[in-house]
Amino acid sequence: MSPSMSITRALREAGFAGLVAAGLAFPILTLGTEMDQSNRLVLEQRWSWMAIAAALVFVGRFLVLAFARKPARAAPHTGARVLSPALAAALPRAGVIALFLFPMVMLFWLGPQGSLKWINNYGVQILIYVMLGWGLNIVVGLAGLLDLGYVAFYAVGAYTYALLSTHFGLSFWICLPLAGLMAASWGAMLGFPVLRLRGDYLAIVTLAFGEIVSAVLTNWTDFSNGKAGIMSIPRITFFGLPFNANENGFAATFGLEFQAIHRTIFLFYLILALALITHVVTLRLRALPVGRAWEALREDEIACRSLGINTVNTKLTAFALGAMFAGFAGSFFAVRQGFVNPDSFTFMESATILAIVVLGGMGSQLGVALAAVVMVGGTEVLRELTFLKQIFGSSFDPSLYRMLLFGLAMVVMMIWRPRGLISSREPSVFLSQKKNVSGALVQEGHG
Amino acid sequence: MSAPLLSIQKLEASYGQIVALKGVDLDIMPGEIVTVIGANGAGKSTTMMSVFGRPRASAGKIIFDGQDITHKPAHEIARMGLAQSPEGRRIFPRLSVLENLQMGASVDGMAHFQADLERMFDIFPRLKERIDQRGGTLSGGEQQMLAIARALMSRPRLLMLDEPSLGLAPLVVKQIFEVIRDLNRNDGLSVFLVEQNAFHALKLAHRGYVMVNGQITLSGTGRDLLANPQVRAAYLEGAH
């Protein structure tokens, strides 16, 4: 195999790339601000960082240019599929069983103290995003309405529970359906003005809606207590039995020794159940006329109208249902944290959920779940990489590089799997046998 | 004479500043195939689209089965028994053939779905072979068949076809036109056909209208128009 480029030319190009990297790294890496003892910001210069960045780019670029074989331009992945059909069919079931066993295995393996982090930070946290991803998937993946303000409905759900429980003492189990209902009606309310919009315009209006909700929650202090948030929200109960050490608590009633982990495990099963409900409802809806109408609407609005589909109602139901699941997730979030403030409902959250849906492959339930594991679990894994502190110094916090890695992941995805992790879509209805549709038919860039 | 099934009266419509229709009069009797022929941009498709309210008529009236539908929303019009196979077919590319047909039956509910499906397979056996395939993977001719079958699934009284021959091989065009003729003969389906392929359209249609610059300039039976020297010179020379 001959090198794809002469060594000198590769050196020259790599040198250029290194220069660009140095130029980019100068403002980002070289200049940093530090707080000194008298609380003043001082400019710190870290020339070595810039040198490392430039050297890495130079070496990497040189190796790629000089030694990497030019890949033959691959034909578009028509039947793109990572999984064999049998495995793809078995995976969701195995996944659900594994999820049911997960807290027990962790508890048995690491004990009540050690397993808390795993069940809470990994299990519960990821499942919240799986649920949000599936909820948004109804709006974006099925109905094709690009919603950049999805977190607003999450916030509506969270504040519904927070306010109703602190002011009126309503229990979580009453507030959960109320939160869903509330979020759904807000979804319909947003739906009305944006019905005429499509694509980019719709995205901007939904983005604005998300910002409005968070601005209202921040500034209407009489209502939401502003940035300070709502504290001491009642904790979850086991259908009325509180998770505490009292004799009428959960542990005493069931003759167990009181442990804080009980609540976490219950929360885990609760969010697992909520997420699975979202999933099952979505699957059922897809086989019903309304779900079919959503998908048809995504494909061609004019054709839908001429076939007698009421596009107004169809869009509204998609918005409202998607919002409802965000509302459920929101009230779960509030009962889990025991505290809500507007900082939890920023645009970053919307972007993360949307990224999960897009990375997962729009419309694919399994893809969305996998993407949530990667995106949210990945963030948590970064926290674990404490050994990096020994290399880069004690002030190095790997989780700060989250966004950088997300960006990198997105770029890599765009190159390797431009239509999402799982780009094929199983038909909702079929006559004789199921056939997966290839990703090549999945439109790109059509929100 | 009985009342027309669809009656378009002095219809005017425009896209923003551009006036597309300048007073169009057109009638379709029950059981009739009526075609509108004309050059690009004459307003043929606009006439058909404005029946469904896109663009909305700025003046004039559209009456279907005795009811004024000029200002009705599109989905209500579809529910009255008017089906359209729009220009460019507009099938749902990511839905399967079966799902596409189910969408067509939305208006009708699923009551006669099985029976209607069998009927479509009789008319278009190719669709049966492709039933689980994505709409987008069909050939152009198959997509046109699907678009017509999808429109027929709602059991319409009037089928509106916008350029069904667009981009299809001559043999396929012939096939599709034969299907339209059979549907009209056997089931008494009324058909409103907009075509650039004037020769085939006029041969098929009972009556035809010639459209120029947003106005109807000529009308008559299909045979008369085919024989008309003006029509021959403008639309048929070297066509077939």
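**Helix faces and packing in chain A**

On one side of helix α2(A), the residues S48(A), V59(A) and L63(A) are exposed (exposed means that 12 or fewer other C-beta atoms, placed from the backbone, lie within 10 Å of a residue's own, buried that 20 or more do, and partly exposed covers what is in between). This is a predicted model, in which local features need pLDDT of at least 70 and side-chain atom pairs count only at pLDDT 80 or more, while totals for chains, interfaces and linings use all residues. Residues are numbered from 1 along each chain as its sequence is written, and chains are lettered from A and ligands numbered from 1 in the order in which they are written.

The other side of α2(A) belongs to its buried residues, M50(A), A54(A), F58(A), R61(A), F62(A) and L65(A). They cover an arc of only 105° around the axis (taken from the directions from the helix axis to the C-beta atoms), which puts them on the same side of α2(A). These buried residues pack against α1 (7-30) of chain A, where contact means C-beta atoms, placed from the backbone, within 7 Å. Helices here are DSSP runs of H or I with at least four residues, strands being E runs of at least two, numbered from the N terminus.

Helix α6(A), residues 199-219, has 21 residues that should span 30 Å at 1.5 Å a residue (1.5 Å times one less than the number of residues), and its end C-alpha atoms, 30 Å apart, agree with this. Its buried residues are L202(A), A203(A), T206(A), F209(A), G210(A), V213(A), S214(A) and L217(A). Seen down the axis, they fall within an arc of 120°, so they line one face of α6(A). On the other side, D200(A), Y201(A), A215(A) and N219(A) are exposed. The cover over the buried residues of α6(A) includes α4 (151-168), α5 (172-194), α7 (221-224) and α13 (347-360) of chain A.

Of these covering helices, α13(A) is itself mostly covered, with 10 of its 14 residues buried. Just after α13(A), G361(A) takes a positive phi of about 100°.

Elsewhere in chain A, the axes of α9 (residues 261-287) and α12 (residues 311-337) come within 11 Å and cross at roughly 175° (axes are lines fitted to C-alpha atoms, for helices over the stretch in contact, with angles from 0 to 180 degrees between N-to-C directions). That makes α9(A) roughly antiparallel to α12(A), a term for angles over 145 degrees. The contact is made by L267(A), L270(A), I271(A), L274(A) and T278(A) of α9(A), together with F325(A), F328(A), A329(A), F332(A) and R336(A) of α12(A).

Methods:
Two residues are in contact if their C-beta atoms, placed from the backbone, lie within 7 Å. Angles under 35 degrees count as roughly parallel, over 145 as roughly antiparallel, 65 to 115 as roughly perpendicular and the rest as oblique.
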